[in-house]
Amino acid sequence: MRKMFAKRFVVFNLALSLCALGVTHPQVHAGIIDTGMVLEQRDREHQVARIQSMLAEHAVHSRLVSLGVDPLLASERVARLTDAELLLLEERMDELPAGGDSLLAIIGVVFVVLLILELVGVTDIFKKI
Amino acid sequence: MQRIVPAQPRASVELRDTPFFPQDAYQCGPAALATVLSESGVGVTPAELVPGVYLPDRQGSLQLELIAASRRYERLPYVLPPTADALFAELEAGRPVLILQNLGIRLLPRWHYAVVVGYENLEGRFVLRSGTTKRRLQSAPQFMKTWGRSGFWAMVTLEPGVLPAVPDEAEYLRAAAGMEAAGETRAALAAYAAARSAWPDSLIALLGLGNTHYIDGDLETAEANYRAVLAADPLHAVALNNLAQVLADRGCYGEASATIEQALAAAGEDSAFASSLRETRATIEARLDDESRQVADCSP
């Protein structure tokens, strides 16, 4: 009984804080089971799924903000992701590649190693793109 | 096991009219996405895409956000099967392909988005819009190696109703469902219609049409779609649930009640959607209560 109360308390607080964030998801259409749910075999009305989704939205939003995205913008970006995409991002955002050509700080031995690799054609870092 | 060079000899191809957006620092994501979107008829610049896909502290863009951003422009983001053949098929269909490649090594990656616009078969080179180079030429082995490090990740942005060159039913339906979830109903309807023509037996495509019409506020067509699903599969619990919802919205509480009971019976206790079904029943019962037990029937 206490566990259920605690769970509801968490959900309620999350809901409040999400409202404060302004995170609105366009896909929550009361009543119908949408096609995404069918494909993922995931019931959004199920207690666990609902909490998971809220946590994922919250977590991804926080992560985006911590990576330098404006909070309002982060809300918009989160709203554009499907449930499945949100869950994936929550789990793996830090390990997923972020394409951007950022050259990590290369110094000393590492530089020499990379230069050699470049010369034998393993890498393509130093060519002008 | 992916071949270093394409599986069969390929004719040369180059989509020379593909727009070119020289990228700013770290912004190959917006530049590459703007390229394929523009080619598919959307007037957009990299600068407009930056707020939606750029991560300042990672100095780059995530694949999932490129996918999500495409939907806003009514273009279906479709991830290709991870093969050179699929990439060539798109080029031959006249569509440039957005790819992710690692120009560094696994331990020190340099992730980069580029757009493949062609292939020169004599020289065995791919032609890419890449960074600040309008025609970057990359040898086939080098291209396949660097592209391979991303798992051969590639995507195209499809106009509504257009199927990819190598259509995979599951992937296409997922993409269509993504449009539906994003509220892009016009594009979703076209996508599901295309799915129906490609895979006529697909009940998911038919269900998707119904759901999208529902979201659009077109209850009549939604109902027709759900009934069509049930004509093929009378015990389709999801279609029964959604039909019950439509009937309730129309004020046909008697029928709605009967339909949701059918759904619950068809689904069984341990159905994946038990919670949604019970929620729908609760909604209908609440409305029945409101109407002071006036059981309205909507018999034709």
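Trainee: What does the domain assignment of chain B give?
Mentor: Chain B has domain 1 (13-158) and domain 2 (169-290), with bounds from an automatic or database domain assignment. This is a predicted model, where local features need pLDDT of at least 70, side-chain atom pairs count only at pLDDT 80 or more, and totals for chains, interfaces and linings use all residues. Residues are numbered from 1 along each chain as its sequence is written, while chains are lettered from A and ligands numbered from 1 in the order in which they are written.

Trainee: How many Å apart are the C-alpha centres of the two domains of chain B?
Mentor: 36 Å.

Trainee: And how many residues of each are in contact?
Mentor: In chain B, 6 residues of domain 1 are in contact with 10 residues of domain 2. Contact means that C-beta atoms, placed from the backbone, lie within 7 Å.

Trainee: Which strand gives the most on the domain 1 side?
Mentor: Strand S3 (residues 76-79) of chain B, with 4 residues. Strands are DSSP runs (E, at least two residues), and helices are too (H or I, at least four), numbered from the N terminus.

Trainee: Switching to the two chains, how many residues does the contact take from each?
Mentor: Chain A gives 42 residues and chain B gives 64. On the chain A side, the largest share is 4 residues, from H2(A).

Trainee: Which strand of chain B pairs with S1(A)?
Mentor: Strand S2 (residues 61-62) of chain B does, in the antiparallel sense over 2 bridges. Pairing requires at least two bridges found by DSSP. In S2(B), B:Leu62 is the bridge partner of A:Ala98.
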